[in-house]
Amino acid sequence: MSVEHPVPPPKGLPVTHGFDPVAAPDAQVRAAAEQRQTQLTKPAGSLGRLEELGNWVAACQGVCPPQQFERARVVLFAGDHGVAEHGVSAYPSEVTAQMVANFLAGGAAVNALAAVAGATVRVVDIAVNGDTDPSVAQHKVRRSSGSIDREDALTDAEVTAALAAGRAIADEEIDAGADLLIAGDMGIGNTTPATVLIAVLTGTEPVAAVGRGTGVDDQGWIRKVAAIRDGMRRARPVATNPVDLLRVAAGADFAAMTGFLAQAAVRRTPVLLDGVVVTAAALVAEDIAAGAKAWWLPAHRSTEPAHDLALKHLRLTPLIDLEMRLGEGSGALTALPILRAAVATLAEMSTFADAGVSTSAEESDTVDLAK
């Protein structure tokens, strides 16, 4: 089936733009996890949101108690954007290729955080405006995406190729044993297309959605607002067609992330969402593969205003808020130990019966777990 012009599905089924339908996490297993939570040696609800998280993992895995993640994997999508040449970022575009080399050398935040969180990192060059190591360039679509304030980001063939690349990368990782995926991003200027996507899809005016990105000054912020305003003007006519929206107003890295997130959900593999760039792709992925968001967990709340808008639109609540805005998957990796804790408590705690612990004052005059 063509990604650009999908055959309409039978009446009543969602349009999936070439992706298989998304099944929901297992409701019966979630119910079993909720029941198990009531039997563990703790007052009911005393672990707060950790209980909800553990139940979600169990439902995604289809087994209760859930299993601890053994192969958490970060896939870092790198790509440049033509709009960066117009003063919307505090850094030059050359930094993208330089950072790809830094990731491969193990010297970036994503590398340090992955080591702590028990994850591994893969870098893929989707649209870096320069040469990168051949080991990361096999899915490369083009050099830089078009400047979305004045031209389309991609051609029809390129958006198809980028979506297919993201889908293939998800399949590669899941087939290799990944049991939790994290999408990361690297690309100077990429918060501009991210904000365009989010503002268009949430009906938000540019000035309410634009952040400082890499730390632009006031003049840079004004240029960024203007670029986003112009990008939104071009994007609005295609807002209801997610593939056209990616082609006109996003970029190859966004399209690849979109395909990656959609295919992870199709393959019933949980994903930790990172910041504003990844979540912008998630908005489009949910339009492409309805129900995909049930397989995603937002890790953190970025300082970028558009990120909060996107989370509210998806009705997803982040785990942490540490005022982070780096990207790379850094927020997701920082939150991963919390998700691991949720799995551990649900899977490894004893039940009242196993531990021989009383559950009420009637059973024991000496034990009061509520205190």
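Ser145 is buried, at a relative accessible area of 2%. I start there, and I should say at once that this is a predicted model. The residue belongs to the loop that runs between β2 (119–127) and α5 (156–175). A polar atom of the Ser145 side chain lies 3.0 Å from the backbone nitrogen of Ala252. Beyond its sequence neighbours up to four places away, Ser145 touches Asp80, His81, Gly82, Ala127, Ala153, Leu154, Gly251 and Ala252. Ala252 therefore turns up twice, as a contact and as the owner of that backbone nitrogen, next to a serine at 2%.

Two other residues of that loop are worth a look. Lys140 also sits between β2 and α5. Is Lys140 buried or exposed? Neither: the relative accessible area is 26%, so Lys140 is partly exposed. A polar atom of its side chain is 2.6 Å from the backbone oxygen of Gly130. With residues up to four places away left out, Lys140 touches Asp125, Ile126, Val128 and Gly130. For a distance across the model, take Lys140 and Thr195: 55 residues separate them in sequence, and their C-alpha atoms are 24 Å apart.

Asp152 is the other one, again in the loop between β2 and α5. Its relative accessibility is 29%, so Asp152 counts as partly exposed. Which side chains does Asp152 reach with polar contacts? One is Arg234, at 2.7 Å. Another is Arg247, at 2.9 Å. Asp152 also touches Gly146 and Val248, besides those two arginines, when residues up to four places away in sequence are not counted. Asp152 and Asp244 are 92 residues apart along the chain, with 9.7 Å between their C-alpha atoms.

Now the helices. α8 covers residues 218–235, 18 residues in all, and spans 25 Å from first C-alpha to last, close to the expected 26 Å. At the N-terminal end of α8, Asp217 acts as a cap, with a side-chain oxygen 3.3 Å from the backbone nitrogen of Gln219. The buried residues of α8 are Gly220, Lys224, Val225, Ala227, Ile228, Gly231, Met232 and Ala235. Note that a lysine is on that list. What do the buried residues of α8 pack against? They pack against α6 (191–202), α7 (206–209) and α9 (242–249).

α11, residues 276–288, has 13 residues and reaches 19 Å end to end by C-alpha, close to the 18 Å expected. α11 is mostly covered, with twelve of its 13 residues buried. The buried set runs from Val276 to Glu286 and also includes Ile288.

Between α10 (252–266) and β4 (271–273) there is a loop that holds Thr269. Thr269 has a relative accessible area of 5% and is therefore buried. A polar atom of the Thr269 side chain lies 3.3 Å from the backbone oxygen of Arg267. Setting aside neighbours within four places in sequence, the contacts of Thr269 are Ile174, Ala178, Asp179, Leu180, Leu181, Ala264 and Trp295.

On to the rings. How many aromatic pairs does a search of the whole structure find? It finds one. The partners are Phe77 and Phe260, edge-to-face, with 5.2 Å between the centres and 70 degrees between the planes. Phe77 is in strand β1 (residues 72–79) and Phe260 in helix α10, so the pair links parts of the chain 183 residues apart. Both Phe77 and Phe260 are buried. Separately, the charged end of Arg167 sits over the ring of Phe19, 4.5 Å from the ring centre.

Last, the cysteines. The structure holds zero disulfides. Why does Cys60 have no such bond? The closest cysteine sulfur belongs to Cys64 and is 13 Å away, which is too far for a bond. Cys64 is likewise in no disulfide, its nearest cysteine sulfur being that of Cys60. The surroundings of the two can be read off their accessibilities. Cys60 is at 4% and therefore buried. Cys64 is at 28% and therefore partly exposed.

Methods:
Residues numbered from 1 in each chain as written. Predicted model: local features only at pLDDT ≥ 70, side-chain atom pairs only at ≥ 80, totals over all residues. Heavy atoms only, no water. Helix = DSSP H or I, 4+ residues; strand = E, 2+ residues; numbered from the N terminus. Expected span 1.5 Å × (residues − 1). Buried < 20%, exposed > 50% of the residue type's maximum accessible area, 1.4 Å probe, protein only. Polar contact = N/O pair within 3.5 Å; in protein donor to acceptor, adjacent residues only side chain to side chain. Contact = heavy atoms within 4.5 Å. Phe/Tyr/Trp six-rings, centres within 6.5 Å; stacked < 30°, edge-to-face > 60°. Lys NZ or Arg CZ within 6 Å of the ring centre and 35° of its normal. Disulfide = S-S within 2.5 Å.
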